[in-house]
Amino acid sequence: MKKYIFGKKLGAIVHGGDYNPEQWLEYPDILKKDIEYMKQAGINEATLGVFSWAMYEPREGEFHLDWLKQIMDNLYENGIYTILATPSGARPVWLDQKYPEVMRVDSKGIRNRHGFRHNHCMSSELYREKVSIIDRKLAEAVGDHPGLLMWHISNEFGGECYCDTCKVKFQDYLRARFHNNIDELNHEWWTAFWSKRYIDFSQIEPPYENGETAIMGLNLEWRRFTSRNFTEYMTVEIDTVRKYSKNKTVPVTTNFMKRFWDIDYRVLADKIDVISWDSYPAFHNDKESYSDTMMESAFDHALMRGMKKEQPFMLMESAPGQVNWMEYNKLKRPGVNEQFALQAVACGSDTVQYFQWRKSRGAAEQYHGAVIDHLGTNDTRVFKEVAATGDTLKRLACVEGSVMRSKAAIIFEWDNWWALENAGGLSRYTKKYDKTCQDYWTKLMEYGVEPDVISTGDSLDGYRLIIAPMLYMLKDDIADKLKRFVENGGILLGTYVTGYVNENCLCYQGGFPGDGLKELFGLTVEEIDTLYPSDRNAVQMTGSDVSKDGWEVCDYAELLRVSDAEILGTYKEDFYKGMAALTCKVSGRGKAYYQAARCVMDGMDMFFEKLLGEAEIEFHKHPKGLEYHRRYGENSVYEFYLNTSDEDISLQNLTGIDLIKGTAVRSDTVLPARKSIVIEK
Ligand code: GAL
C-alpha cells in the first residue's frame, strides 16, 4: 500500500526548500533568475513565509499579501509548488512594543525584550489572537491556491515560558492530572522529603532556575505540560488555517528537530498530518567518521518516521552547503549532498528540502549555506551538486508513497529520557540514554535490519524483536505489554536501569525492575555500580553461543539476584566477579533477555545474531560502512545501498532495476566509496 502525504500523487520526490523572496522584492531581476535557476536545479517546491509577518502586516491591521499571491502564481506557473508557513516564528517589532506580554519570561522570571525569534509565550491569549488574525488573512488569500501543497505551522517549536499565565496554566494542568487532589500530588511527588508539602495547587511554581528544581515529579510534569501547551497553541493555528481556507484538505505539518529535549514530539505529532524535520548533521567533524555521522542521521530519520507509521515523512530543511551556527562550519564535501538526500529517501522521506534557496545579504544568517550563494550564479560547486541531486531524485519518482516496515523495534521514550537525565545517582555524564538507543539501533543495522523506533504507548503487534534500552520509567502499561509480547512468542532484550520508577518518578518498592518485570526477567536488581570513565569490567559467557571472548563492560553494572532465569554470562572482575550479567527467561512462547551492564557492542555480534535468529528475522551481516534500507511499494520493493565508507564495497547477487542508471542489474556489483545504488525489485 502506498501512502501519499500530500493527499495526492505528485509523481515526484519533492526537491525544494525555504525561499525568502520578501528579502528581494525590490530586485525583480533576482526573482526572475530564481525561477530560472530553480528549474535548472530540479526544484519543484518552495517553502514560503516562514518569517514574513512584518512584510505581511507592517503596521497593526495593515495587510500586504499581494506579493505572496504573485510569487505563488509565478512559482506554480513554472511547475513549483508552495509549502506555506504561518509566520508566527518571529514577531514584528510593533507587536512586541505594543503588547509586551506576548514575549517570553525566562527561567529566572525575567521577561525578554524584543529580539531574536521564537521567543513568544505559548499561553498568551493575546498572541494567539494576533497570530490567528494573520493566519486567517493568509488562509483567505491563498488557502485555495492550486500550488499550495501544505501548511507549515510556525517554525521549530522549542523553549519554554515561565510567565504568570504559564504558571497558572501549569497549575490547572496539575489539578487535572492529579484529580484535583493535592494529597495525591504530595504522595506521588514524595513531598514529605525536605518539607516540600503543598496545601494547594496554587502554591506550585514552574521549576524556576532560582526556585524549586528538586522535585523529580515537578520537573517531569513541567516538560509534559510544556509539550501539551505547545500542542494546544499549534492547534489554534491549525484550526484557523483550516477554518478560513476554502480548500480544507491541504495537509498540515510543523518542523521538528530530531531528538529534541524540550518537547515530546509524539504529543505534537498526533495533531499534524505529516511528520517533517530539519536535519543538520555535523559532517566531517573530528570526533567521528562520516559513516557514523550518517548512521546517526539514519537513526533520527527512524525516530521521526516512527511517529506516523507506514507513511512517508519529510526532510523539511537541510544545508546545501555549510551552516553558520556550529562551532566549526565545515564545507559539505563533494558528493555528500546527494548521498544525504538519498539517505533521507531511503529512510522513508518523500522530500529533500534545503534551508535555504538564496543567501541573505545581511543579518543573522548571511553566511549560512544556500543553493544560490552571494556570487548569484548557477556556476558554483554547491549549485551543481544540488542540480545533480535534483536529477537523481527525478529518477526516483516511483518511490513516492512507498513505506517502511520492520519486525524489530527499539523503544525510545521522551518521558523516560527526561526522568533519567533528571535522576540523581548513576553518573551525570554517562547516562547517554538517546545515544544508547541509537547504538542498539545501529547494531541491528549492521545486519541489514532497520528497526522501527517506537514509544511505550505504541502497539507491539507485528514485532518479533523488541529492545528496550534503559527503560527506567514504566508508564502506559508497558510492563503488561512486554509480558504479553514475550508470552506470544516475542524476543525481548531489557537492559540495566530498567523499571526503577513509575510514571511519576517514584521508585518501585521490593526491588527493580518494578511492575511485574522482575517476574518476566526472573531476577531482581539489588545494586548498580557506576564506573569511572577508565574503569572496565567484562562479561564472561557461560555458554559458547553468545560470544567466544566475552564482552567489555563500561559505565554501568548491575548486581542481580537471579531467581528464575538462565545465566548466560557473569562478571569477570571486581567483588561481583561470578555474579550474573546476562540472563534469559523463557516465558510462554518467547524469551526475555536481560543485559545487566553496558557493554561495548563490537564484541556482541554472536548475541545479536542469536536474537535475530530466534526472532526469525532475516539478516545478513553487511560490510562496515554499508547502509541498507528498504521501502515497500504496491508491487515493488525499493532497496537502497549507501556506501558511506572510504573503500569500494562488493555487493553480491544484486538483481532488479538500478533506478539511478535506469539499467537492469543481474550480478555482483562494486559500489564505489561514497556512492549509492537504488534497486527496484
Ligand atoms: C533551522 C531554522 C531555519 C534556519 C536554519 C539554519 O533550525 O528553522 O530558519 O535558521 O535552522 O540552519
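A polar side-chain atom of Asn155 is placed 3.0 Å from an oxygen atom of the ligand. This distance comes from a predicted model, and the ligand site is a suitable place to begin. Asn155 belongs to the loop between strand S4 (148–152) and helix H6 (164–177). Its relative accessibility is 3%; because buried means under 20% relative accessible area, Asn155 counts as buried. The side chain of Asn155 is also joined to the side chain of Asn255 by a polar contact of 2.7 Å.

Two glutamates approach the ligand in a similar manner. For Glu156, a polar side-chain atom lies 2.4 Å from an oxygen atom of the ligand. For Glu317, the corresponding distance from a polar side-chain atom to a ligand oxygen is 2.8 Å. How much of the ligand's accessible area does the protein cover? On its own the ligand has 310 Å² of accessible area, and the protein covers 94% of that.

The residues around the ligand are Phe51, Arg117, Asn155, Glu156, Asp278, Tyr280, Glu317, Trp325, Phe355, Glu365 and His368. Sorted by character, this shell contains 4 nonpolar, 2 polar and 5 charged residues.

Two members of the shell, Arg117 and Glu365, lead to the next topic, the salt bridges. The side chains of Arg117 and Glu365 form a salt bridge, with 3.7 Å from N to O. Arg117 is in the loop between helix H4 (93–98) and helix H5 (125–142), whereas Glu365 is in the loop between strand S9 (349–354) and helix H12 (381–394); the pair therefore ties together parts that are 248 residues apart in sequence. Arg117 has a relative accessible area of 26% and is partly exposed. Glu365, at 22% relative accessibility, is likewise counted as partly exposed.

A further salt bridge is found between Glu446 and Lys621, whose closest N and O atoms are 2.8 Å apart. This pair links distant parts of the chain, 175 residues apart: Glu446 is in the loop between helix H14 (433–445) and strand S11 (452–454), and Lys621 is in the loop between helix H17 (605–614) and strand S21 (626–632). Glu446 counts as partly exposed at 24% relative accessibility, and Lys621 counts as partly exposed at 41%.

Helix H17 also takes part in a salt bridge through Glu614. The side chain of Glu614 meets that of Lys591 at 2.9 Å, N to O. Glu614 lies in helix H17 and Lys591 in strand S19 (residues 590–595), so this pair ties together parts that are 23 residues apart in sequence. Both partners are partly exposed: Glu614 has a relative accessibility of 24%, and Lys591 has a relative accessible area of 23%.

Some salt bridges share partners. In this way Arg177, Glu221, Arg224, Glu413, Asp415, Lys475, Asp476 and Glu503 are joined into one network. In total, the structure holds 52 salt bridges.

The surface offers another kind of feature. Which residues make a nonpolar surface patch of about 430 Å²? The patch is made by Trp190, Phe193 and Trp194. Trp194 is located in the loop between helix H7 (182–188) and helix H8 (216–244). With a relative accessible area of 62%, Trp194 is exposed; this follows because exposed means over 50%.

Helix H11 (residues 336–346) presents another picture, being mostly covered, with 10 of its 11 residues buried. The buried residues of H11 are Val336, Asn337, Gln339, Phe340, Ala341, Leu342, Gln343, Ala344, Val345 and Ala346. A general point about helices is useful here. An α-helix has 3.6 residues a turn, so residues three or four places apart point the same way. H11 is followed by Gly348, which has a positive phi, near 115°.

The last stop is Arg536, in the loop between strand S14 (523–530) and strand S15 (537–541). At 44% relative accessibility, Arg536 counts as partly exposed. Arg536 and Gly569 are 33 residues apart along the chain, and their C-alpha atoms are separated by 16 Å.

Methods: Residues are numbered from 1 along each chain as its sequence is written. This is a predicted model: local features need pLDDT of at least 70, side-chain atom pairs count only at pLDDT 80 or more; totals for chains, interfaces and linings use all residues. Side-chain values use heavy atoms; hydrogens and water are left out. A residue is near a molecule or strand if one of its heavy atoms lies within 4 Å of it. A polar contact is a pair of N or O atoms within 3.5 Å; within protein, one must be able to donate a hydrogen and the other to accept it, and residues adjacent in sequence count only if both atoms are side-chain atoms. Accessible areas come from the Shrake-Rupley method with a 1.4 Å probe; for residues, only the protein chains shown count as cover. Ala, Val, Leu, Ile, Met, Phe, Trp, Tyr, Cys and Pro count as nonpolar, Asp, Glu, Lys and Arg as charged, and the others, Gly among them, as polar. A salt bridge is a side-chain nitrogen of Lys or Arg within 4 Å of a carboxyl oxygen of Asp or Glu. Helices (H or I, at least four residues) and strands (E, at least two) are DSSP runs, numbered from the N terminus. Buried means under 20% relative accessible area, exposed over 50%, partly exposed in between (1.4 Å probe, protein chains only). Patches are made of residues with over 30% relative accessible area and no salt bridge: like charges are joined within 9 Å, nonpolar side chains (Val, Leu, Ile, Met, Phe, Trp, Tyr) within 5 Å.
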